[in-house]
Amino acid sequence: MSGGPEPISAEGLRAVQEELAQLRAERGEVAATLRGDDPVGDPADAADELQRASDVTRLDRRIAELEGRLREAEVAGAPSTDVIGVGSTVKVRFEDGQEETIEVSELAEERELTLVTYDSPLGKALLGRHAGETVSYETPGGAASAIVLAVGNAA
């Protein structure tokens with residue numbers, strides 16, 4: 001990524017908000033089972049308590065990461081409709097003539113749009129490009145290329 005605040009697409013924003021809500025709910029459930037200052041019974045109970053406390057810490061870290069990502073996206077504003085960056089929606093035509101609308105994302109998950117992470121071969125080739133440019137990238141099957149047809153709302 002660029003090192004500065006990165007925008008996030010509407011679909012990416014939805015995915016982050018959804019994960020954040022799930023993690024907060026899970027954290028609430030796990031935290032409710034912690035005994036606090038109450039003495040723990042046998043060693044198995046103590047080990048279980050430590051595991052739940054560790055789970056809360058792990059959830060807190062991920063929640064903080066996602067909240068930070070949302071703050072960063074707010075500062076960055078909407079994805080560019082001119083230059084391809086993280087969060088951009090891009091329409092491309094591959095060598096076989098197939099056209100697809102893809103999203104350049106930092107998140108690797110299945111969604112309605114074809115998702116390309118910014119650090120994948122195609123994602124790296126697309127970053128910083130404009131509509132009309134041809135990008136070349138490596139696949140497990142060898143070299144490939146695609147033409148950028150549109151960026152942003154036109155995609």
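How many helices and how many strands does the protein chain have? The protein chain has three helices and five strands, where helices (H or I, at least four residues) and strands (E, at least two) are DSSP runs numbered from the N terminus. Read from the N terminus on, the elements follow the order α-α-β-β-β-α-β-β.

Before I go on, a word on the source. What we have is a predicted model, in which local features need pLDDT of at least 70 and side-chain atom pairs count only at pLDDT 80 or more, while totals for chains, interfaces and linings use all residues. Residues are numbered from 1 along each chain as its sequence is written, and side-chain values use heavy atoms, with hydrogens and water left out.

Let me begin with the chain as a whole. Of the 155 residues in the protein chain, 32% are buried, and by buried I mean under 20% relative accessible area, with exposed meaning over 50% and partly exposed in between (1.4 Å probe, protein chains only). The chain exposes about 8,900 Å², of which carbon and sulfur atoms supply 50%, the areas coming from the Shrake-Rupley method with a 1.4 Å probe, and for residues only the protein chains shown count as cover. If we take the contacts (heavy atoms within 4.5 Å) between residues at least 6 apart in sequence, 52% of them join residues at least 24 apart.

Now to the interior. The largest nonpolar core has 16 residues, and those with the most contacts inside it are L122, L126, V135 and Y137; such a core is a set of buried Ala, Val, Leu, Ile, Met, Phe, Trp, Tyr and Cys residues joined through side-chain atoms within 4.5 Å. Two or more residues are given to this core by each of β1, β2, α3 (121-126), β4 (134-139) and β5 (142-151), and β5 gives the most, with four residues. Apart from this core lies another, of 11 residues, among them I8, V16, L23 and L66. Returning to Y137, and leaving aside its neighbours within four places in sequence, we find Y137 in contact with F94, P121, L122, A125, G142, A143, A144, S145 and A146.

Staying with β5, I would point to V151, which lies in that strand and, because its relative accessibility is 6%, counts as buried. Beyond four places in sequence, V151 is in contact with S80, T81, D82, V83, I84, T89, H130 and A131. V151 and R129, which are 22 residues apart in sequence, are 9.2 Å apart in space, C-alpha to C-alpha.

Next come three arginines of helix α2. R69 lies in this helix, which covers residues 43-76, and R69 counts as buried because its relative accessibility is 8%. Its contacts, leaving aside neighbours within four places in sequence, are E6, P7, I8, V86 and E106. R52 is also found in helix α2 and counts as buried, at 14% relative accessibility; not counting residues up to four places away in sequence, R52 touches V30, T33, L34 and R35. The C-alpha atoms of R52 and V30 are separated by 6.4 Å, although these residues are 22 apart along the chain.

Is R62, again in helix α2, buried, exposed or partly exposed? R62 is partly exposed, because its relative accessible area is 26%, and with the same exclusion of residues up to four places away R62 touches E19 and L23.

A further place to look is the loop between α2 and β1 (89-94), where G87 sits. G87 counts as buried, at 5% relative accessibility, and beyond its neighbours within four places in sequence it is in contact with P7, I8, S9, P79 and V104. The C-alpha atoms of G87 and V104, 17 residues apart along the chain, are separated by 5.5 Å.

Finally, the empty space. The structure holds one cavity of 30 Å³ or more, where a cavity is a set of points, on a 1 Å grid over the protein atoms alone, at which a 1.4 Å probe fits but cannot get out, and lining residues have an atom within 4 Å of a point. The largest cavity has a volume of about 30 Å³, a volume being the space filled by probe spheres set on the points, which are joined across faces, edges and corners. Among the 11 residues that line it, the closest to its centre are I8, V86, E103, S105 and E106. Strand β2 (residues 99-105) supplies the largest share of this lining, three residues.

Terms used:
On a 1 Å grid over the protein atoms alone, a cavity is a set of points where a 1.4 Å probe fits but cannot get out, and a pocket is an open set with protein on both sides within 12 Å along at least five of seven lines; lining residues have an atom within 4 Å of a point.
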